[in-house]
Amino acid sequence: QVQLVESGGGLVQAGGFLRLSCAASGRTFSSYGMGWFRQAPGKEREFVAAINASGFATRYADSAKGRFTISRDNAKNTVYLQMNSLKPEDTAIYYCAARSPLASAYDSWGQGTQVAVSS
């Protein structure tokens, strides 16, 4: 497993942007699939975006397509989530997650970073 620490959350007006970062510990980061999830108040945690170990394959929730971009820098052990055209419904705690090479599910989670979008 890896230790994950998110940053970059904050309060932004609708239409604005934020870039979330997730710094990972360990020397095997480049072998992990990474993902971003979010949980809004009173709702279940939901998938936002994922990127494979090499960074060449990405996947997005329908709500994120065209607005969010996931990327990673394996030299810096960091994964990013660029969020543009933010909407009030994007307000949530955003969590970074890692999936080890043989795992069928994400098995390491960060503590989350709060994103609030005002209308």
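A strand here is a DSSP run of E residues, at least two long, and strands are numbered from the N terminus. Keep that in mind as you look around, and remember that this is a predicted model.

**Stop 1: the whole chain**

Start with a cartoon view of everything. You should find eleven strands and zero helices, so the pattern along the sequence is simply β-β-β-β-β-β-β-β-β-β-β. Turn the model around: its C-alpha atoms fill a box of roughly 40 × 25 × 25 Å along the principal axes. The radius of gyration is 13 Å, which agrees with the value near 14 Å that a compact globule of 119 residues would have. If you colour by accessibility, 44% of the 119 residues count as buried. Contacts often reach far along the chain, too: among those between residues at least 6 apart in sequence, 54% join residues at least 24 apart.

**Stop 2: a four-stranded sheet**

Next, select strands S1, S3, S8 and S7. They form an open sheet in the order S1-S3-S8-S7, with antiparallel pairing. Which strands stand at the edges? They are S1 (4-7) and S7 (68-73); each has a single partner strand, so one side of each is left without a neighbour in the sheet. Looking across the sheet, you will see neighbouring strands turned by 15 degrees against each other on average, direction ignored.

Now zoom in on S3 (residues 18-24) and S8 (residues 78-83), which pair in the antiparallel sense over six bridges. Pick out Cys22 here: its bridge partner in S8 is Val79.

**Stop 3: the disulfide**

Stay with Cys22 and show its side chain. A disulfide is a covalent bond between the sulfur atoms of two cysteines. This structure holds one, and it joins Cys22 to Cys96 with an S to S distance of 2.1 Å. The link ties together distant parts of the chain, from Cys22 in strand S3 to Cys96 in strand S9 (residues 92-99), 74 residues apart. Look along the S-S bond and you will find a left-handed link, at -80 degrees. Are these two cysteines buried or exposed? Cys22 has a relative accessible area of 0%, so Cys22 is buried, and Cys96 is also buried at 0%.

**Stop 4: Arg67**

Move on to Arg67, in the loop between strand S6 (58-60) and S7. Arg67 has 12% relative accessibility; buried means under 20%, so Arg67 counts as buried. Show what surrounds this residue: leaving out residues up to four places away in sequence, Arg67 touches Gln82, Met83, Asn84, Ser85, Leu86, Lys87 and Asp90. Try a distance label between Arg67 and Gln82, which are 15 residues apart in sequence and 8.2 Å apart in space, C-alpha to C-alpha. Then look for Ser63, whose backbone oxygen lies 2.7 Å from a polar atom of the Arg67 side chain.

**Stop 5: Gln114**

Finish with Gln114 in strand S11 (residues 113-118). Gln114 is partly exposed, with a relative accessible area of 42%. Apart from neighbours within four places in sequence, Gln114 is in contact with Gly9, Gly10, Thr91, Ala92 and Ile93. Which backbone oxygen does the side chain of Gln114 reach? It is that of Ala92, at 3.2 Å. For a last view, select Gly33 as well: the C-alpha atoms of Gln114 and Gly33 are separated by 23 Å, and the two residues are 81 apart along the chain.

How values were computed:
Residues numbered from 1 in each chain as written. Predicted model: local features only at pLDDT ≥ 70, side-chain atom pairs only at ≥ 80, totals over all residues. Heavy atoms only, no water. Pairing = 2+ DSSP bridges. Axes fitted to C-alpha atoms, helices over the stretch in contact; angles between N-to-C directions. Disulfide = S-S within 2.5 Å. Buried < 20%, exposed > 50% of the residue type's maximum accessible area, 1.4 Å probe, protein only. Contact = heavy atoms within 4.5 Å. Polar contact = N/O pair within 3.5 Å; in protein donor to acceptor, adjacent residues only side chain to side chain. Rg over C-alpha atoms; globule rule 2.2 N^0.38 Å.
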